[in-house]
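Thanks for making time this morning. I will go through one model, mostly its empty spaces and the residues around them.

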Amino acid sequence: MDAIALLIAATMNAGTVLAIAALGLLVNERAGVVNLGAEGMMLVAAIAGFATAVHTGSDALAFAAGAGAGAVLALAFGVLVIWLNTNQYATGLALSLFGAGFSAFVGIGYTQEKLSERPRFEIPGLADVPFVGPALFKHHPMVYLAILLAVGLAWFLYRSRAGLVLRAVGESPESAHALGYPVRRIRLLAVTVGGALCGVAGAYISVVYTPLWVEGMIAGKGWIALALTTFATWRPARVLLGAYLFGGVTMLQFHLQGQGVQIASQFLTMLPYLATIVVLVLISRNPTWIRVNMPASLGKPFYPGS
C-alpha cells in the first residue's frame with residue numbers, strides 16, 4: 001500500500017507540470033493561436049527560475065521569474081504571428097529551438113549549482129491519515145494551485161463574459177471584429193498568459209520537481225503538454241485528468257524498476273511518448289468529434305478588414 005501511495009503522489013507531482021503548461025496552451029488555442037514553442041519557453045523559464053532560486057533562495061521569486069521569462073518569449077511570438085502574420089507553426093518551432101539553445105548557453109554556469117534544502121509541505125491533520133495522507137496531502141502548494149487553475153479556467157471559459165469573448169475570437173475572429181472586439185489584442189493577451197503559465201511549469205521542474213539545472217531537462221514535456229490539449233478536446237477538466245494520466249505513465253517506469261520488474265529501461269523511458277502517440281491516434285479515429293470541439297480558426301491568421 002505504501003508503494004501505491006508513493007506512486008499516486010509521484011503521479012500528481014509529475015502531472016502538475018503537464019497540467020499547468022497544457023492549460024496555458026489551451027488559453028492560446030481557445031483564442032485561435034497554436035504555439036509550438038512550449039518546449040523552448042519551458043526551458044528558458046526553467047533556467048530563469050533556477051537561477052533566481054539560487055541567488056535569492058525564494059521559490060516565489062523563482063516562479064515569478066519563470067512566468068516572466070515565458071511571458072516575454074510568448075509576447076515576442078505573439079507579435080510575430082499576430083501582427084506580422086508569420087506562420088504560426090514555423091514561428092513556434094523556431095521559438096522551441098531558440099529556447100533550447102539559449103537556455104543551454106545561459107545555464108552553463110549553473111550546472112554545478114545546488115539549491116538550499118527544499119522545504120517539506122503537508123496539510124496538517126490530513127497528512128497523517130494512512131495511505132490517503134502520503135498520497136494526496138503532502139505536496140507542494142503548486143500541485144493544489146494547478147487543480148484550482150483548471151477549475152478557475154473552466155469557470156472563466158464557460159461562465160464569464162470575458163471567456164465568451166475569448167472563445168468567440170477563436171471561433172470566428174471576423175464576427176468578433178465586426179462586433180467591435182480588438183481581436184489582435186485579445187489574442188496577444190491570451191498568448192502572453194499562456195506563455196506565463198508555461199513558464200511557471202518550467203520553473204516548477206527546475207525548482208521543485210527536480211531541483212537542479214541540466215541542459216534539456218524539460219525532456220519533451222512541452223510537446224506532451226501540447227498533445228494534451230487535443231487529447232482533452234480543449235476542455236480544462238479533461239486537461240487535468242490527461243495530465244495525471246500521462247504523469248502516471250511517466251512515474252510507472254520508476255515504480256516498475258523499483259519493484260524489480262525485468263523490462264528494458266529504454267522501453268520504460270519511451271512509455272510516456274508511446275502513450276501520447278496511442279492516445280492521439282485513437283482520438284483521430286473520429287475527426288467529427290475533433291472538429292466539433294476544436295476552435296474553428298485555430299492556426300489561421302486574422303486580417304482585419306478582409
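**Pockets, a cavity and some loops**

Asn85 has a relative accessibility of 27%, so Asn85 counts as partly exposed. Before going on, please keep in mind that this is a predicted model. Asn85 sits in the loop that runs between α3 and α4. Asn85 also belongs to the lining of the largest cavity, and that is where I start.

How many cavities of 30 Å³ or more does the structure hold? There is one. The space in this largest cavity comes to about 60 Å³. As for which elements contribute, α3, residues 59–83, and α9 each give two or more residues to its lining. The lining residues are Val33, Val81, Ile82, Asn85, Gln88, Arg184, Arg187, Lys300, Pro301 and Phe302. Sorted by class, five of them are nonpolar, two are polar and three are charged.

Gln88 is another name from that lining. Gln88 is part of helix α4, which covers residues 88–106. Is Gln88 buried or exposed? Its relative accessibility is 6%, and the cut-off for buried is under 20%, so Gln88 counts as buried. The Gln88 side chain also has a contact with the main chain: it reaches the backbone nitrogen of Val34 at 2.9 Å.

Just before Gln88 in the numbering comes Asn87, which is placed in the loop between α3 and α4. Asn87 has 46% relative accessibility and therefore counts as partly exposed. A polar atom of the Asn87 side chain lies 2.9 Å from the backbone nitrogen of Tyr89. To give an idea of distances, the C-alpha atoms of Asn87 and Gly133 are 48 Å apart, with their positions 46 residues apart in sequence.

Now the open space. Asn85 gives us a way to get there, since its C-alpha is 38 Å from that of Asn13, 72 residues away along the chain. Asn13 is one of the residues nearest the centre of the largest pocket; the others named there are Phe121, Lys138, His139 and His140. This largest pocket has a volume of about 540 Å³, and 21 residues line it. By class, the lining is made up of 13 nonpolar, three polar and five charged residues.

Which elements supply at least two residues each to the lining of the largest pocket? They are α1, residues 2–30, and α9, residues 183–209. With five residues, α1 gives the most. Helix α9 has turned up twice, as a contributor to the lining of the largest cavity and to that of the largest pocket.

A few words on α1 itself. This helix has 29 residues, and from its first C-alpha to its last it reaches 40 Å, close to the 42 Å expected at 1.5 Å a residue. It has a kink of about 30°, centred on Gly15. Helix α1 is mostly covered, with 21 of its 29 residues buried. After the helix comes Gly32, which has a positive phi, near 95°.

Positive phi comes up again in other places, so here they are in turn. Phe131 has a phi near 65°, which is positive in a residue other than glycine. Phe131 is in the loop between α4 and α5, the latter being residues 132–136. With 29% relative accessibility, Phe131 counts as partly exposed.

The next two sit after α10. Thr233, just after that helix, takes a positive phi of about 50°. Trp234 has a phi near 60°, again positive in a residue other than glycine. The loop that holds Trp234 joins α10 and α11, residues 236–258. Trp234 has 1% relative accessibility, so Trp234 counts as buried.

Last, α10 itself, residues 221–231. Why is this helix described as largely enclosed by the rest of the structure? Because eight of its 11 residues are buried. Those buried residues are Lys221, Gly222, Ile224, Ala225, Leu226, Ala227, Leu228 and Thr229.

To recap, there is one cavity of 30 Å³ or more, and Asn85 and Gln88 are among its lining residues. The largest pocket takes five lining residues from α1, the helix with the kink centred on Gly15. That is what I have.

Definitions and conventions
Residues numbered from 1 in each chain as written. Predicted model: local features only at pLDDT ≥ 70, side-chain atom pairs only at ≥ 80, totals over all residues. Heavy atoms only, no water. 1 Å grid on protein atoms, 1.4 Å probe; cavity = no way out; pocket = protein on both sides within 12 Å on 5 of 7 lines; lining within 4 Å. Points joined across faces, edges and corners; volume = space filled by probe spheres on them. Helix = DSSP H or I, 4+ residues; strand = E, 2+ residues; numbered from the N terminus. Nonpolar A, V, L, I, M, F, W, Y, C, P; charged D, E, K, R; others polar. Expected span 1.5 Å × (residues − 1). Bend = angle between axes of the 7 residues up to and from the residue. Buried < 20%, exposed > 50% of the residue type's maximum accessible area, 1.4 Å probe, protein only. Polar contact = N/O pair within 3.5 Å; in protein donor to acceptor, adjacent residues only side chain to side chain.
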